[in-house]
Amino acid sequence: MNYKIIKQTRVTVALFFIVLITLPFIFFINRETTFFSYFLKLQFIPSLIAVFTGGAFIFLLLLLITLLFGRIYCSVLCPLGIFQDIVARVSNLFKSKKRRRFKYGRPWNILRYTILAVTVFLFIGGISLPLGYLDPYSNWGRISTEIIGRVEHLCHNIFALILPNAISYRSYTYFLLGAFLFPFLFALLVVILSAFRGRLYCNTVCPVGSLLGLISKISFFQPVINKTKCNKCQLCVINCKSQCIDLEKGVVDVSRCVTCFNCMQVCNKGAMEYKFLVRSKRTGTSSELPKEQIIFSNDRRKALIAMGALGTAIVAKSMEHETPVKTKSKTTGITPPGAVSIERFKKNCTACYACVSACPSNIIKPAYTEYGLDGLLLPVLNFSNHYCSYDCKVCTEVCPNDALLPLTLKDKQLTQIGQVRYTPKNCIVYTDGVDCGACDEHCPTKAITMIPFKNSSLYIPKVNYDLCIGCGACEHVCPARPDKAMVIHALEKHGIALLPEKEQQKKIDIDDFGF
Amino acid sequence: MKRRQFIKSAFLGALTGALELKAGNLFAKSGETNVEDNDLVAVMGGEPAQMYKRAIEAMGGIKRYVKTGNKVVVKPNIGWDKRPEFGANTNPELVSAIIKDCLAAGASEVVVFDYTCDEWRSCYKNSGIEDAVKAAGGNIAFAHDEKYYKSVSLPKGTRLKEVKIHEAIINCDVWINVPILKTHGGTRMTISMKNYMGIIWDRIFWHANDLNQCIADCVTYGKKPVLNIIDAYRVMTQNGPRGKSVEDVRIAKALFISTDIVAADTAAVRFFNQFKEMRVEEVGHILIAERLGEGTTNLDNLRVKRIKIG
């Protein structure tokens, strides 16, 4: 095999994918097309979570790839993994030659599998947030939104100042310190780890890495050291960013190997080989083949446990059971359209912020306490800057997890994401005795209409709650201060509004101007 | 009308405009002597561009209002993310005809903008106005951020003493107000004066501080539109100003044009009254503006021309 070409292909494909997976978080791109958002569905955790809503094919494909070739996912599809490779590469420019060398590192198996076990256990129980906090894709989404997206916003506005007539100024994004600090500190940690220890995050913390690592123990192709050819020159070890090649014992820890082909490419002796492995039932070495080329049953057992856990997670998902532990939701968090219910949203959303980046009105922001503690940093609607556009359903299109189910525009226009509460004593018409009508003006379904107020010539709002879809237009424009007369309250479960009636008008033929 | 068809006709229109300009240079200007002079022109029965052409002729031609080299702003209503058939935004064909006419009259540039209610990019796009403006040779201006607005004082204002107005209006030589005729839950009707809410920044303040008074106060702003052209081709007679379905709209095929903003709105309300009862007195800001000396509701004192096409 020509490992040089394989490695170069790996690098090219990886760079291609990190760009594709970052683009949907860039506002400018999002305005033009949602095409790139479909690439987000290629990610492992989203395909797992959406396994019953269209993710199954991708999920099985990713498993199959891992079973065949090992953790190639971590090298070419995972944006955070690719990012770490880039960081490691760049940091080499600032290091002395000696410092650039990796050494074999012992696996931190207890930490690693504890994290995996806890995340999987909680996920099976219906609590997805810890997974969301650790999932490399979701973290990359948050980094893209909060850091890359902000840099893009800044550049955009600089261009808007240079070319004021051609490029529009982008007025606002939400900024929440906590929501910024999480990805910022996370990125910092990953940068430091990858600059000094290569793929340490992937092989210690990342639950996806640990899981795929267990499965890749039985993958058909694995890196194998040919002891007869190897002269222990250490070149492979120096270049192994996973620090998983133990030359003393002459073995590669495949559970940590991300199949980057670096070792094979640098080996002058051709001693590092990517080989099709033979399976053995026995733990002994009865076969003529060297020990390294046989998959033993204890490895198979580990892989089976991993896949069993994955299977359990899928079964648990299919049962749609109640979450056993949950903090009481304060029901102040309004979930985006397609979320169905706060509970379902919490189960399926990993806070990747694809919807946050895509919302053209920029009204989706990370939550603090709106959903309760188990909803910290999940996307939540906020109407202080704008409201949910009646003819828009972009958030439901871009969600890779199907935490927001795709909706037809017709369905979205009837989905009650929240419900207005009207407090007449706060209304301008009531308090100031003057006309206003801002809410009525903006209401897309005419849930709000204006009726004569007492015996004056004024008109005051009247709400038909069956028509309200909670879009927040009335809340956004209501001029009453400090307390608005129109406030949207969240619904535990999204409702379905009545279809606004078409009010046919009598045909009138006019032949005169009327004056 | 399909977009392609529209762009085609817009292109042909632009071509005709350019040729006419040349013809004017070639032949002696004979029309100058019998130029019509009216205060208010009402047209009905035609297509938007056709009605505009007849109306502006009866107003003495666009050259009376737009001089060579003028920077012109055309201010339609683009408030909503709605397609033209919903009648929520000014008819793009009318906007296009006005832009071409201004450019033919020698305007150095024609800028179109509105401070929209719905998300602005969708409004500009789905109203058909952005495409129409570009096809007609005009420019779109942004209006979605406070940075595009400058503070001016309103010495004649009662409630509103100061207001932030879009820089395009402040910097232009002349501006033309092109509203669409619709009902409104707060001010009963939205026509020319209510269209001022798209050139100012803080609408919430107006809503909180006697909307009708604020509208009339803003109309006292020194730089007045040289023309108010009311699009009544499609008239939203219920559920305005956003509307919920095409059933809210009647095809009325009318257009009103006047230099007097109070008269223009009065005429439009009286026209509207034939579809649905609405008295001029119900529309608070019209009366306040008249009291502030911005025009007259008494159409009998004006030179009014009524044109029926077809």
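This is a short tour of a predicted model, going from chain A to its contact with chain B and then into chain B.

**Chain A as a whole**

Start by showing chain A alone. Its C-alpha atoms fill a box of roughly 105 × 55 × 45 Å along the principal axes. Colour chain A by secondary structure, and 22 helices and 12 strands appear. Of its 515 residues, 57% count as buried. Switch on a surface for chain A: about 23300 Å² is exposed, and carbon and sulfur atoms supply 64% of that area.

Next, mark the charged residues of chain A. There are 59 positive and 34 negative charges, and their mean positions lie 17 Å apart. Contacts can be drawn as well. Among those in chain A between residues at least 6 apart in sequence, 72% join residues at least 24 apart.

**Two enclosed elements of chain A**

Select residues 207-216 of chain A, which form helix α12. How many of the residues of this helix are buried? The count is 10 of the 10, so helix α12 of chain A is largely enclosed by the rest of the structure. Its buried residues include Pro207(A), Leu211(A), Leu212(A) and Ile215(A).

Now move to residues 415-422 of chain A, strand β9. Six of its eight residues are buried, so this strand too is largely enclosed by the rest of the structure. To see its partner, add residues 486-496, strand β12 of chain A; β9(A) and β12(A) pair in the antiparallel sense over seven bridges. Label Gly418(A) and look across to β12(A), where Ala490(A) stands opposite.

**Backbone details in chain A**

Stay with β12(A) and step back into the loop that links α22 (473-477) to β12 of chain A; Pro482(A) lies there. Select Arg481(A) together with Pro482(A). The peptide bond from Arg481(A) to Pro482(A) is cis, with omega near 0°. Most peptide bonds are trans, and most residues other than glycine have a negative phi.

For an exception in phi, go to Gln234(A), which is not a glycine but has a positive phi of about 75°. Gln234(A) sits in the loop between β1 (221-225) and α13 (235-238) of chain A. Is Gln234(A) buried or partly exposed? Its relative accessibility is 38%, so Gln234(A) counts as partly exposed.

**Where the two chains meet**

Bring chain B back into view. Here 52 residues of chain B are in contact with 53 residues of chain A. The two chains bury about 4400 Å² between them, 52% of it on carbon and sulfur atoms. Select His207(B), Lys244(B) and Glu247(B): they supply 14% of the area that chain B buries against chain A, more than any other three residues.

Centre on His207(B), which belongs to helix α7 (residues 203-208) of chain B. His207(B) is buried, because its relative accessible area is 4% and buried means under 20%. Which residues does His207(B) touch, leaving out those up to four places away in sequence? In chain A they are Ile428(A), Asp435(A), Cys436(A), Gly437(A), Ala438(A), Glu441(A) and Pro479(A), and in chain B Met197(B). Also label Gly186(B): this residue and His207(B) are 21 residues apart in sequence and 8.9 Å apart in space, C-alpha to C-alpha.

**Strands of chain B**

Select residues 180-184 of chain B, strand β8, where five of the five residues are buried. Side chains in a regular strand alternate between the two faces of the sheet. On one side of β8(B) are Ile180(B), Lys182(B) and His184(B), on the other Leu181(B) and Thr183(B), and all are buried.

Add β10(B), which pairs with β8(B) in the parallel sense over two bridges. The bridge partner of Ile180(B) in β10(B) is Asp231(B). Then add β9(B). β8(B) and β9(B) pair in the antiparallel sense over three bridges, and a hairpin joins them through three residues. Lys182(B) stands opposite Thr190(B) in β9(B).

Strand β9 of chain B (residues 188-190) also contains Arg188(B). Phi of Arg188(B) is near 70°, a positive value in a residue other than glycine. With a relative accessible area of 13%, Arg188(B) is buried.

For a last stop, follow the loop between β10 (227-236) and β11 (249-258) of chain B to Pro241(B). The peptide bond from Gly240(B) to Pro241(B) is cis, with omega near 5°.

How values were computed
Residues numbered from 1 in each chain as written. Chains lettered and ligands numbered in written order. Predicted model: local features only at pLDDT ≥ 70, side-chain atom pairs only at ≥ 80, totals over all residues. Heavy atoms only, no water. Buried < 20%, exposed > 50% of the residue type's maximum accessible area, 1.4 Å probe, protein only. Helix = DSSP H or I, 4+ residues; strand = E, 2+ residues; numbered from the N terminus. Pairing = 2+ DSSP bridges. Contact = heavy atoms within 4.5 Å. Areas by Shrake-Rupley, 256 points an atom, 1.4 Å probe, with all protein chains shown as cover. Lys, Arg positive; Asp, Glu negative; His and termini not counted. Charge placed at Lys NZ, Arg CZ, Asp CG, Glu CD. Buried area = accessible area lost by both parts, 1.4 Å probe.
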